[in-house]
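This report looks at the surroundings of a bound ligand and then at two places where helices pack against each other.

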Amino acid sequence: MLNKNQWRCLLAVGMSVLASAAVHAGEVEVLHYWTSGGEAQSVQELKAMMTARGHSWKDFTVAGGAGGNAMASLKQRVLDGNAPAAALIKGPAIQEWAELNALTNLDAMALFDKWDDFLPKVVADQMKYKGHYVAVPVNVHRVNWLWANSAVLKKAGVTVMPTNWDEFFVAADKIRAAGFVPLAHGGQDWQDFTVFETVALGVGGPEFYDKALLKLDKAAIGSDAMKKTLETFRRLKTYVDAKAPGRDWNVTTDMVIKGKAGFQFMGDWAKGEFLAAKQMPGKDFICMPAPGTANAYTYNVDSFAMFQLKSWEAQKAQGYLAYVLMGKDFQERFNLRKGSIPVHLNLNMDKFDECAKRSNVDFAATAKAGTLLPSVAHGMALSTAQQTAMRAAVNEFWNTDSMSVGQAIGRLQTLNAAVAPKLAHVAEKK
Ligand code: BGC
């Protein structure tokens, strides 16, 4: 782990490199799962910035939306005593890794670069373990979006985007009648979970979401709002095509891009796909908060946790990566492609499109109103064990038509018990 003076020296090197030519430094190996068209273009911005400064970049890429497969590979690498320099890890999982003493302390750099001054507190807190920085955030994704193909809506006679669930089903019926798939969905557990949390927020509102999905309050899980959520969620399935099972999220977004489907519920990494396909927001496609969720915001912050490394060269490259990630230049370039917004407070949003501008305004407004909520489906709230258990219950309900709403509620009510062992199996072998 670098001490304060080493960080200062590293930062000094970093600054002078920015101003002059590249120096030779270490290799930085980064675990991520950004393999779709828009994601690959975004990560390319980062690679280019690192290699331009003389560092060599090594991809440790594990395909699979939302990172389920990547986390399994990471555990194996850490067990083997061969951690990468950085890994795309989010929310409470950051703390779980820090608890195992696997992450490096970034406080000196955070202090030098004044991270606390420009990061929203809600984001900064997630990057810290016991008050110390161990991870670096790159963006804020909003999850509660509804995406639509403008031409499909027009052909189906849908003139306005639905703002509540009744309107959504009326519009979906029209789209079906016009011969399109109403709802593009990929039947993978994390995609089911993404739609589920959005429906819960839209049907039950922010307070219900907080109690039932974040606090795992048994009464809230057993409430009418949860019944209505599950019924609405199940009804959505009737608007999905038969080829949905197993379909990747970006292939699903492509159905909307190509005009085969009308709508998709997905976080704004989907916008990265529309943009990569050269589509224009407001013209070719539409972004709107999902029905009933306009005054709330489910956030999902992509962040890189930094692992402890042995060699000084590797530590230098890692430190430089952290420095670049927090720079305004990188944050702007990356987020223009990724679909998300920069994590910096007060960054100029002029170059961003309407969807990002709305996300930026809503992030601040919902933070004030107390309706800015962590996305459960994207690992921002529960422990890994709780999240895994909830995802499995939701996935089973989506796939099992014979499972009643009551049975699903019963299953969800057992979740409080689904704490630990977290990453204990890694700890045992360390
Ligand atoms: C991540 C995004 C990623 C998406 C699809 C989300 O959980 O936060 O960065 O693009 O999953 O893999």
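In this predicted model, a polar side-chain atom of E39 lies 2.4 Å from an oxygen atom of the ligand. Two further residues, H378 and A66, also place an atom beside a ligand oxygen, H378 through a polar side-chain atom and A66 through a backbone N or O atom. The three distances are set out below.

| Residue | Atom on the protein side | Distance to a ligand oxygen atom |
|---|---|---|
| E39 | polar side-chain atom | 2.4 Å |
| H378 | polar side-chain atom | 2.7 Å |
| A66 | backbone N or O atom | 2.9 Å |

Taken alone, the ligand exposes 310 Å², and the protein buries 100% of that area. There are 13 residues around the ligand, and those that come nearest are E39, K90, D302, K338 and H378.

Turning to the helix packing, helix 10 (residues 189-214) and helix 18 (residues 384-399) have axes 9 Å apart and pack at an angle of about 110°. Because angles of 65 to 115 degrees count as roughly perpendicular, helix 10 is described as roughly perpendicular to helix 18. On the side of helix 10 the contact is made by D189, W190, D192, F193, F196, A212 and L213, while helix 18 contributes Q387, M390, R391, V394, N395, W398 and N399. By character, the residues of this contact between helix 10 and helix 18 comprise eight nonpolar, three polar and three charged.

In the second packing, the axes of helix 9 (residues 165-177) and helix 12 (residues 224-237) come within 12 Å and cross at roughly 10°, and helix 9 and helix 12 are therefore roughly parallel to each other. Here W165, F168 and F169 of helix 9 meet T232, R235 and L236 of helix 12, and the residues of this contact divide into four nonpolar, one polar and one charged.

How values were computed. Residues are numbered from 1 along each chain as its sequence is written. This is a predicted model: local features need pLDDT of at least 70, side-chain atom pairs count only at pLDDT 80 or more; totals for chains, interfaces and linings use all residues. Side-chain values use heavy atoms; hydrogens and water are left out. Axes are lines fitted to C-alpha atoms, for helices over the stretch in contact, and angles run from 0 to 180 degrees between N-to-C directions. Helices (H or I, at least four residues) and strands (E, at least two) are DSSP runs, numbered from the N terminus. Angles under 35 degrees count as roughly parallel, over 145 as roughly antiparallel, 65 to 115 as roughly perpendicular and the rest as oblique. Contact means heavy atoms within 4.5 Å. Ala, Val, Leu, Ile, Met, Phe, Trp, Tyr, Cys and Pro count as nonpolar, Asp, Glu, Lys and Arg as charged, and the others, Gly among them, as polar. A residue is near a molecule or strand if one of its heavy atoms lies within 4 Å of it. A polar contact is a pair of N or O atoms within 3.5 Å; within protein, one must be able to donate a hydrogen and the other to accept it, and residues adjacent in sequence count only if both atoms are side-chain atoms. Accessible areas come from the Shrake-Rupley method with a 1.4 Å probe; for residues, only the protein chains shown count as cover.
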